[in-house]
Amino acid sequence: MIRVASKMKLKPGFEAEYKRRHDEIWPELKELLSQAGIKDYSIFLDEETLTLFAVQLQDDPAKSDALPAQPIMRKWWDYMADIMDVNPDNSPVCLPLKEVFHMD
């Protein structure tokens, strides 16, 4: 199991909408993420900068790397594209973060 962290950017004024959409995350998307070996997934918001900080545990990074090819993942990206910074394919602009400290 590896821990992966990244950051994304929320557009101004969409804090409540971002939370609402994730509170109502589609069951089929949750199932897809679980099948890809993603566990203990959290997203935090820095309200001052609108930076989203995501951290998750992954069983197998290769499974996670295959997620962009899944139709439900692409549909979610399209659904979220109006409220966050995205790439031309509507995937979120997601910058990996280097772990510099961990304590169990």
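Here is a short tour of this structure, which is a predicted model.

**Stop 1: the core**

Start inside. The largest nonpolar core holds 20 residues, and Y18, L29, L67, M73, W76 and M84 have the most contacts within it. Color α2 (27–35), β3 and α4 (71–80), the elements that each give two or more residues to this core. The largest share, 5 residues, comes from α4.

Now click on M73. Setting aside neighbours within four places in sequence, M73 is in contact with L29, L32, L67 and P68.

**Stop 2: helix α4**

Stay with α4 and select I72, M73, W76, W77 and M80, which are buried. Why do they sit on the same side of α4? They span an arc of only 145° around the axis, which puts them there. As a rule, residues three or four places apart in an α-helix point the same way, because there are 3.6 residues a turn.

What do the buried residues of α4 pack against? Show α1 (15–23) and α2, and you have both partners. Then spin to the face turned away from the buried side, where you'll find the exposed residues P71 and K75.

**Stop 3: a salt-bridge network**

The whole structure has 7 salt bridges. For a first look, show E17 and R21, whose side chains meet in a salt bridge at 2.7 Å, N to O. They are 4 residues apart in helix α1, so about one helical turn separates them. E17 is partly exposed at 22% relative accessibility, whereas R21 is buried at 7%.

Next, add D82, whose side chain meets R21 in another salt bridge, 2.9 Å from N to O. This pair links distant parts of the chain: D82 belongs to the loop between α4 and β4 (95–97), R21 to helix α1, and their positions lie 61 residues apart. D82 is partly exposed, with a relative accessible area of 40%. Through shared partners, salt bridges join E17, R20, R21, E24 and D82 into one network.

To see another piece of it, pick R20 and E24: their closest N and O atoms are 2.7 Å apart. R20 is partly exposed at 34%, and E24 is partly exposed at 48%.

**Stop 4: strands and surface**

Move to S6 in strand β1 (residues 2–9). Is S6 buried or exposed? It's buried, with a relative accessible area of 12%. Leaving out residues up to four places away in sequence, S6 touches L52, F53, A54, C94, L95, P96 and L97.

Follow that contact to F53, in strand β3 (residues 51–58). F53 is partly exposed, at 32% relative accessibility. Finish by selecting F44, F53 and L97, which form a nonpolar surface patch with about 260 Å² of accessible area together.

Technical notes. Residues are numbered from 1 along each chain as its sequence is written. This is a predicted model: local features need pLDDT of at least 70, side-chain atom pairs count only at pLDDT 80 or more; totals for chains, interfaces and linings use all residues. Side-chain values use heavy atoms; hydrogens and water are left out. Patches are made of residues with over 30% relative accessible area and no salt bridge: like charges are joined within 9 Å, nonpolar side chains (Val, Leu, Ile, Met, Phe, Trp, Tyr) within 5 Å. Accessible areas come from the Shrake-Rupley method with a 1.4 Å probe; for residues, only the protein chains shown count as cover. A salt bridge is a side-chain nitrogen of Lys or Arg within 4 Å of a carboxyl oxygen of Asp or Glu. Buried means under 20% relative accessible area, exposed over 50%, partly exposed in between (1.4 Å probe, protein chains only). A nonpolar core is a set of buried Ala, Val, Leu, Ile, Met, Phe, Trp, Tyr and Cys residues joined through side-chain atoms within 4.5 Å. Contact means heavy atoms within 4.5 Å. The arc is that of the directions from the helix axis to the C-beta atoms.
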